[in-house]
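Biologist: Please put the model on screen. I have a list of short questions.

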Amino acid sequence: MSENARIGNVLHPVADVDAAVRFYSAALGLATKFVDGDRYAALDAGGTTLALAGPAEDVTGGVPAASFKVPDVAAAVAAIVENGGSVLRQPERGPHEVRAVARDPWGNVVVIYGQ
């Protein structure tokens, strides 16, 4: 599975998506790729997407996390568990993709997503 996974974005939960977009644009010069109202914004961080998740899209409980895009979310979640990780949120359909939230054996939160 790992050869097909890639970091699709780095998720940062924020209380105010618009203010966060303004901050990262002004402070770091990141260009806006996509905005979904007060739910979510994607910024170009030089080949990596900075995903700003408003309260409605915060699937990690306020914890920043790498988000891995995979061809099969259920299979990736099963592999995480088989290799000592745990599931925090089972795969579910969100407004833009299927996603799950897991924890690696060291306590780091990761988001797994795909179509």
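Biologist: Is Asn9 buried or exposed?
Modeller: Asn9 lies in strand β1. Helices (H or I, at least four residues) and strands (E, at least two) are DSSP runs, numbered from the N terminus. Buried means under 20% relative accessible area, exposed over 50%, partly exposed in between, with a 1.4 Å probe and protein chains only. Asn9 has 8% relative accessibility, so it counts as buried.

Biologist: What pLDDT do side-chain atom pairs need to count?
Modeller: Residues are numbered from 1 along each chain as its sequence is written, and side-chain values use heavy atoms, with hydrogens and water left out. This is a predicted model: totals for chains, interfaces and linings use all residues, local features need pLDDT of at least 70, and side-chain atom pairs count only at pLDDT 80 or more.

Biologist: Which residues is Asn9 in contact with, leaving aside its neighbours within four places in sequence?
Modeller: Contact means heavy atoms within 4.5 Å. With those neighbours left out, the list for Asn9 is Tyr40, Thr49, Ala51, Ala65, Ala66, Ser67 and Tyr113.

Biologist: How many bridges join β1 to β5?
Modeller: Two strands pair if DSSP finds at least two bridges between them. β5 covers residues 65-69, and β1 and β5 run antiparallel. Asn9 stands opposite Ser67 there, and Ile7 stands opposite Phe68. The bridge count for β1 and β5 is five.

Biologist: Which residue in β4 is the bridge partner of Leu11?
Modeller: β1 and β4 are joined by four bridges and run parallel. In that pairing, Leu11 is matched with Ala51.

Biologist: Back to β5. What is the relative accessibility of Ser67?
Modeller: Ser67 lies in β5. Beyond its neighbours within four places in sequence, Ser67 is in contact with Arg6, Ile7, Gly8, Asn9, Leu11, Val111 and Tyr113. Ser67 counts as buried because its relative accessibility is 3%.

Biologist: Which residue in β8 stands opposite Phe68?
Modeller: β5 and β8 (residues 109-114) pair in the parallel sense over four bridges. The bridge partner of Lys69 in β8 is Tyr113. Opposite Phe68 stands Ile112.

Biologist: Why is β8 largely enclosed by the rest of the structure?
Modeller: In a regular strand the side chains alternate between the two faces of the sheet. On one side of β8, Val109, Val111 and Tyr113 are buried; on the other, Val110, Ile112 and Gly114 are buried. β8 is largely enclosed because its buried residues number six of the six.

Biologist: Which residue in the turn between β7 and β8 has a positive phi?
Modeller: β7 (residues 98-103) and β8 run antiparallel, joined by six bridges. Arg103 stands opposite Val109. The two strands form a hairpin with five residues between them. The residue with a positive phi, about 95 degrees, is Gly107.

Biologist: Now α1. How far does it reach from its first C-alpha to its last?
Modeller: α1 spans residues 17-28, which is 12 residues. The expected span is 1.5 Å times one less than the number of residues. That gives an expected 16 Å, and the reach of α1 is close to it, at 16 Å.

Biologist: Which residues of α1 are buried?
Modeller: An α-helix has 3.6 residues a turn, so residues three or four places apart point the same way. What covers the buried residues of α1 includes β1 (6-13), β2 (31-36), β3 (40-44) and β4 (49-53). The buried residues are Val17, Ala20, Val21 and Tyr24.

Biologist: What arc do they cover around the axis?
Modeller: The arc is taken from the directions from the helix axis to the C-beta atoms. Those buried residues are on the same side of α1, because their arc is only 105 degrees.

Biologist: Which residue caps the N-terminal end of α1?
Modeller: The cap is a side-chain oxygen that lies 3.1 Å from the backbone nitrogen of Asp18. That oxygen belongs to Asp16.

Biologist: Is Thr32 partly exposed or buried?
Modeller: Thr32 sits in strand β2. Outside its neighbours within four places in sequence, Thr32 is in contact with Val21, Ser25, Ala42 and Leu43. Thr32 has 41% relative accessibility, so it counts as partly exposed.

Key
A polar contact is a pair of N or O atoms within 3.5 Å; within protein, one must be able to donate a hydrogen and the other to accept it, and residues adjacent in sequence count only if both atoms are side-chain atoms.
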